[in-house]
Amino acid sequence: MVLSLHIRSAATNEVVPVKMSKMSRADALQTNKEPLWQSSWTSEFISDKEKLKYALKTADGELVALGAYRVQPTCVAVEILYIESHPESNPTITKQKKYIGIGKAMIAFGIALSCNHGCEGCVCLLYTSPSPRDRQK
């Protein structure tokens with residue numbers, strides 16, 4: 001399945017094309033730099049080799065979101081284990097988001113991943129989360 005993803009600028013409502021690629025070590029390390037992400041993507045929870053980790057980026061390489069997915073061994077569905085947007089667009093961190101539609105793009109990618117693995121587009125969302133950062137430091 002070919003997927004064409006986009007998000008929108010919250011300020012202008014203009015379409016912002018984005019691409020999904022495998023998460024790199026640099027992408028994961030960026031979550032530990034200012035502005036801090038809600039979760040460290042270098043954590044043991046996310047480092048699990050069974051998780052497929054992807055980065056959503058704009059055409060100029062700006063990291064917008066990260067997602068952890070897993071294809072169920074029986075190939076019934078793809079589990080969307082954890083998705084998180086950059087702090088500038090994360091509604092639990094900021095009041096004024098830079099981009100909107102990130103969650104839709106991350107779920108649409110999970111559906112495409114499901115199709116590409118023979119799961120007919122079936123996905124399930126699981127509530128599994130790394131421990132939140134201690135922001136009281």
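Two strands count as paired if DSSP finds at least two bridges between them. By that criterion, 7 strands of this predicted model form an open, mixed sheet in the order 6-1-2-3-4-5-7. Its edges are strand 6 and strand 7 (123–125), each pairing on one side only.

**Sheet and helix**
- Strand 1 (residues 5–9) runs antiparallel to strand 6, and 2 bridges join the pair.
- Arg8 has Ile100 as its bridge partner in strand 6.
- Helix 3 (residues 102–116) packs on the sheet. This helix touches strand 1, strand 2 (15–22), strand 3 (52–58), strand 4 (63–71), strand 5, strand 6 and strand 7.
- The direction of helix 3 makes about 35° with that of strand 4.

**Chain as a whole**
- The chain holds 3 helices and 7 strands. Their sequence order is β-β-α-α-β-β-β-β-α-β.
- The radius of gyration is 15 Å, close to the 14 Å that the globule rule gives for 137 residues, so the chain is as compact as a globular protein of that length.
- The C-alpha trace spans about 40 × 35 × 25 Å along its principal axes.
- Of contacts between residues at least 6 apart in sequence, 60% join residues at least 24 apart.
- Buried residues account for 39% of the 137.
- Accessible surface totals about 8000 Å², with 54% belonging to carbon and sulfur atoms.

**Ser89**
- Ser89 sits in the loop between strand 5 (78–85) and strand 6 (99–100).
- Its relative accessibility is 4%, and the cut-off for buried is under 20%, so Ser89 counts as buried.
- Beyond neighbours within four places in sequence, Ser89 contacts Thr94, Lys97, Lys98, Tyr99 and Ile102.

Note on methods:
Residues numbered from 1 in each chain as written. Predicted model: local features only at pLDDT ≥ 70, side-chain atom pairs only at ≥ 80, totals over all residues. Heavy atoms only, no water. Helix = DSSP H or I, 4+ residues; strand = E, 2+ residues; numbered from the N terminus. Buried < 20%, exposed > 50% of the residue type's maximum accessible area, 1.4 Å probe, protein only. Contact = heavy atoms within 4.5 Å. Axes fitted to C-alpha atoms, helices over the stretch in contact; angles between N-to-C directions. Rg over C-alpha atoms; globule rule 2.2 N^0.38 Å. Areas by Shrake-Rupley, 256 points an atom, 1.4 Å probe, with all protein chains shown as cover.
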